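Q: Please take a close look at the pockets of this predicted model, and say what lines them and which parts of the fold lie around them.

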Amino acid sequence: MPEQGGGVAAEVLGQSITRHELEEALREHLWRHNAVWSSLSAEERHQTRRRVLENLIDSRIVGASRGSSGGTVAVGAASKLESERLRRQFADPAEFPARLAAQHLTPKAMDAQIFVAHLDEAWIAGQSQRYIKPVTSEEVRAWYDEFSHTLLIPQACHAAHIFLSRHEKTKPDRGAEMQDIRRQLLAKKKTFAQLAREYSEDERSKLLGGDLGWFTQERMPADFMAALQKLPLGQVSEPVQTKLGWHLIILMDRHPPRLPALAEVQGEIAAFLTSRRRAEAVNRLIAELRRHLPQPVSYHAEVIDRAEPAP
């Protein structure tokens with residue numbers, strides 16, 4: 001990675017945002033989005049630099065506006081909880097300050113950053129509230145009428161299985177073993193649950209008599225689901241071979257796909273619309289703060305375009 005350098009990327013309200021700050025922010029952005037800089041195209045890198053820089057500028061504007069408002073928000077407890085949560089992520093306590101040092105931070109500096117971020121978030125929430133209108137039942141109904149198809153609840157199945165894996169190298173084909181287990185079941189020598197506890201190699205379900213609980217198609221391998229779809233309720237399958245191994249499957253119940261009624265999802269819809277309205281209000285607040293800056297933001301493209309994520 002190219003060596004990080006100096007220079008000023010932008011100036012806002014008389015404050016400089018350095019290339020070093022931009023590069024530190026780029027590193028954090030990539031980490032949060034699980035992205036790799038080398039895998040981004042030139043255009044994607046350009047857009048990422050600009051997006052991260054604009055976030056830094058917005059943060060400076062919010063900080064200055066909050067400071068001039070004279071308001072104080074009690075966020076100490078929340079910021080302390082977040083700091084403690086970050087520390088608990090490290091099994092070895094010594095690893096935490098070492099990780100911070102790699103980011104040119106001390107625990108005290110990190111705590112201060114978190115506290116300021118909470119102050120900014122609380123101030124934004126308070127200031128943007130004036131732009132947010134409560135979501136009405138009519139709006140919830142209108143959204144449901146137009147987009148209810150996106151809430152389709154997929155088919156769900158309740159099944160149990162007895163499983164023999166492919167891991168036994170001396171047994172490349174275990175179909176005969178599975179047929180023998182099935183014969184015991186059909187002869188009513190033992191119940192499905194008893195046979196599952198005795199023979200199944202699925203450690204998670206065998207103690208439950210092979211019960212897999214309720215699941216949708218997305219949770220199971222396609223070849224398993226294909227075999228299950230052909231089964232009538234209560235019937236045990238022939239031995240089914242999948243990429244995982246061999247199964248005997250019994251379908252215990254099935255719920256067809258359905259659209260939920262409005263009463264079931266109106267709270268979820270209202271929360272979604274409120275969240276969207278809140279995001280729009282924050283964007284509106286930031287835009288208003290930018291419009292009232294005493295001087296425009298000054299950008300230095302030659303510095304911005306050289307910025308690379310900090311190591």
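**The pockets and the sheet**

A: In this predicted model, helices contribute to the lining of the largest pocket: α1 (19-32), α2 (42-69), α3 (76-88), α4 (95-102) and α5 (107-128) each give at least two residues to it. The largest share comes from α2, which provides 10 residues. The space in this pocket amounts to about 2000 Å³, and of the 42 residues that line it, A25, E28, R32, Q113 and A117 are the closest to its centre. By character, the lining is made up of 18 nonpolar, 11 polar and 13 charged residues.

The second largest pocket holds about 300 Å³ of space, and among its 14 lining residues those closest to the centre are H161, D202, R204, L212 and M220. Two or more residues of this lining come from each of β3 (156-165), α9 (203-206) and β4 (211-216), and the lining divides into 7 nonpolar, 3 polar and 4 charged residues.

Two of these elements, β3 and β4, also belong to an open sheet of 4 strands, whose order is β4-β3-β6-β5 and whose pairing is antiparallel. Because β4 and β5 (240-241) stand at the edges with a single partner strand each, one side of each has no neighbour in the sheet. Within the sheet, β3 pairs with β6 (residues 245-255) in the antiparallel sense over 10 bridges, and C157 has R254 in β6 as its bridge partner. Across β3 and β6 lies helix α8 (residues 192-199), which runs at about 40 degrees to β3.

Conventions: Residues are numbered from 1 along each chain as its sequence is written. This is a predicted model: local features need pLDDT of at least 70, side-chain atom pairs count only at pLDDT 80 or more; totals for chains, interfaces and linings use all residues. Side-chain values use heavy atoms; hydrogens and water are left out. On a 1 Å grid over the protein atoms alone, a cavity is a set of points where a 1.4 Å probe fits but cannot get out, and a pocket is an open set with protein on both sides within 12 Å along at least five of seven lines; lining residues have an atom within 4 Å of a point. Grid points are joined across faces, edges and corners, and a volume is the space filled by probe spheres set on the points. Ala, Val, Leu, Ile, Met, Phe, Trp, Tyr, Cys and Pro count as nonpolar, Asp, Glu, Lys and Arg as charged, and the others, Gly among them, as polar. Two strands pair if DSSP finds at least two bridges between them. Contact means heavy atoms within 4.5 Å. Axes are lines fitted to C-alpha atoms, for helices over the stretch in contact, and angles run from 0 to 180 degrees between N-to-C directions.
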